[in-house]
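I opened the notebook to record what I looked up, entry by entry.

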Amino acid sequence: MESLNTIIDICMQKRLDRKSTLFALGGGVIGDLTGFAASIFARGVPYVQVPTTLLAVVDSAVGGKTGINHPLGKNMVGSFYQPHAVIVDASTLKTLDTRQIAAGIAEIIKYGLICDEEFFAWCEANIAGLVARDPTTLQYAMERSCQCKATVVAMDERESSGVRAILNLGHTFGHAIEAAMGYGTWLHGEAVAAGMVMAAEMSRRLGYIDDTTVRRIEAVLCAAALPVRPPPSMQVETFLTYMATDKKVERGVLRLVLLERIGKAIVTANYDRQTLLDTIQYFRQALPRTAGKLREASCALTPERFRKGWFIKVMLIGAILDKENRERGARMLTYQSSGHPSRFQPTNARQQPCA
Ligand SMILES: NC(=O)c1ccc[n+]([C@@H]2O[C@H](COP(=O)([O-])OP(=O)(O)OC[C@H]3O[C@@H](n4cnc5c(N)ncnc54)[C@H](O)[C@@H]3O)[C@@H](O)[C@H]2O)c1
Ligand SMILES: [Zn+2]
């Protein structure tokens, strides 16, 4: 709220008017805040998203949701307000730390899972390149993710028909983890990664997908050094308490985003409570299924262990080897919109429709 006031104060002091344009240069927090300020200043001025985190590029900068947190709830003050354009300069991602890159990769993998089986297979095949920030690989993933998000948003811009909710795969479990651990302890993308595995396991228990599919999902997340288990300290009751406040609760019934198959997510309340309880309970005991010692080490990675630094050494070597590659730089991607997400078109990127 204080940051919002600061932006509005500056707009007033600089005598900006309705023809002025605000630029959101930063991660998702800056993008959401600037977008909201633009939506209310002078009853709405244009704004341009210039995302500088991978998560913001592939997620928050596209779709037109803006907002700020209220002490009583995350994102509870906001608006739907489309940016005039989204400008992506992949070279800004060079300075992001490893955890932030991995958090963005979680959302990239999500797009494959919810709406594009071919893209998921591409992520599996190219996960090493993504982690190493290979410019060509990252650029392709960013383009395809933005197109997937724009396609879904165009079908349900204001979250009225329910289609947009598929973007929330892993988020109901993930938000519970983020909130229970204290915001910032687990990054959003890390919590979503563990949440997607929980949603996949629940989908398996309900007979939608098989065990092999759950293993594939775990394996690709593990390869990006993302957590695939919730924090061991989190009790079933804690999950249920936080999940009850999810925005997909309708008349007291929680709708979950589950997987019918890779490439197709569904939003459903058609599950029995016992399956939900069993799923959460299972994750309080189970080790990752993905085979292999190294894999298990990565899978067991938690944000807490990240801080201890044993993993960072491995990633640093990877980063040094890749430095030259990265310094070749990636060209700029520009997405322009004339007010509606369906009109989002890359102005200088390959055209690749969302499956
Ligand atoms: N509007 C939406 O549809 C939507 C979707 C997803 C997430 N979000 C919101 O986005 C936020 C998360 O976004 P985020 O992950 O970008 O977090 P963030 O904005 O907090 O950025 C993460 C950190 O990276 C730093 N940073 C930004 N760019 C950098 C760069 N190029 N190099 C080095 N450091 C850099 C930031 O200062 C910050 O410390 C959450 O508040 C979430 O609610 C919104
Ligand atoms: Zn998300």
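The entries below go from the ligand to the helices, the salt bridges and the backbone angles.

**Entry 1. Status of the model.** I noted at the start that this is a predicted model.

**Entry 2. Ligand 1.** I asked which residues come nearest to ligand 1. Of the 17 residues around ligand 1, these are Gly28, Thr52, Thr53, Thr92 and Thr95. I then looked up individual atom pairs. Threonine 52 places a polar side-chain atom 2.8 Å from a nitrogen atom of ligand 1. For threonine 53, a polar side-chain atom lies 2.6 Å from an oxygen atom of ligand 1. Lysine 65 enters through its backbone, with an N or O atom 2.9 Å from a nitrogen atom of ligand 1. Ligand 1 taken alone exposes 870 Å², and the protein buries 70% of that. I also checked which elements give two or more residues to the shell around ligand 1: they are helix H2 (28-40), helix H3 (54-60) and strand S4 (73-80).

**Entry 3. Helix H2 and the annotated span.** I followed H2 away from the ligand. Serine 39 lies in helix H2 and is buried, at a relative accessible area of 14%. I put serine 39 in the buried class because the cut-off is under 20%. The side chain of serine 39 makes a polar contact with that of serine 79, at 2.9 Å.

The UniProt record, an unreviewed entry, has the annotation "transmembrane region" on residues 21-42. I looked up what the model shows there: the span is 59% helix and 23% strand, and the end C-alpha atoms of residues 21-42 lie 11 Å apart. I left the annotation as it stands in the record.

**Entry 4. Alanine 42.** I found a positive phi, near 50°, at alanine 42, a residue other than glycine. Alanine 42 sits in the loop between H2 and strand S2 (47-51). With a relative accessible area of 30%, alanine 42 is partly exposed.

**Entry 5. Helix H8.** I looked at two places in H8. Methionine 196 is found in helix H8 and is buried, with a relative accessible area of 1%. Methionine 196 and leucine 258 are 62 residues apart in sequence, yet their C-alpha atoms are 8.8 Å apart in space.

The second place was arginine 204, which forms a salt bridge with glutamate 201, the closest N and O atoms being 2.9 Å apart. Why can these two pair along the helix? Arginine 204 and glutamate 201 are three residues apart in helix H8 (residues 188-205), so about one helical turn separates them. In general, an α-helix has 3.6 residues a turn, so residues three or four places apart point the same way. I then asked of each partner whether it is buried or exposed. Arginine 204 is partly exposed, at 27% relative accessible area, whereas glutamate 201 is buried, at 0%.

**Entry 6. Helix H9.** I checked the length of H9 (residues 211-223). Its 13 residues should span 18 Å at 1.5 Å a residue, and the end C-alpha atoms are 18 Å apart, which agrees. The buried residues of H9 are Thr213, Val214, Ile217, Glu218, Ala219, Val220, Leu221 and Cys222.

H9 also holds a salt bridge between aspartate 211 and arginine 215, with the closest N and O atoms 3.2 Å apart. Aspartate 211 and arginine 215 are four residues apart in H9, so they too are separated by about one helical turn. Both partners count as partly exposed: aspartate 211 at 26% relative accessibility, arginine 215 at 36%.

**Entry 7. Alanine 225.** Just after H9, alanine 225 takes a positive phi of about 60°, although alanine 225 is not a glycine. Alanine 225 is in the loop between H9 and helix H10 (236-243). Alanine 225 is buried, with a relative accessible area of 7%.

**Entry 8. Other salt bridges.** I asked how many salt bridges there are by the rule used. The count comes to 15. One of them is between the side chains of glutamate 260 and lysine 264, at 3.5 Å from N to O. Glutamate 260 is partly exposed, at 32%, and lysine 264 is partly exposed, at 32% relative accessibility. Elsewhere, salt bridges that share partners join Asp116, Glu118 and Arg144 into one network.

Notes: Residues are numbered from 1 along each chain as its sequence is written. Chains are lettered from A and ligands numbered from 1 in the order in which they are written. This is a predicted model: local features need pLDDT of at least 70, side-chain atom pairs count only at pLDDT 80 or more; totals for chains, interfaces and linings use all residues. Side-chain values use heavy atoms; hydrogens and water are left out. UniProt positions are given in the numbering used here, feature names are shortened, and annotations may be inferred rather than shown by experiment. The expected span of a helix is 1.5 Å times one less than its number of residues. Buried means under 20% relative accessible area, exposed over 50%, partly exposed in between (1.4 Å probe, protein chains only). A salt bridge is a side-chain nitrogen of Lys or Arg within 4 Å of a carboxyl oxygen of Asp or Glu. A residue is near a molecule or strand if one of its heavy atoms lies within 4 Å of it. A polar contact is a pair of N or O atoms within 3.5 Å; within protein, one must be able to donate a hydrogen and the other to accept it, and residues adjacent in sequence count only if both atoms are side-chain atoms. Accessible areas come from the Shrake-Rupley method with a 1.4 Å probe; for residues, only the protein chains shown count as cover.
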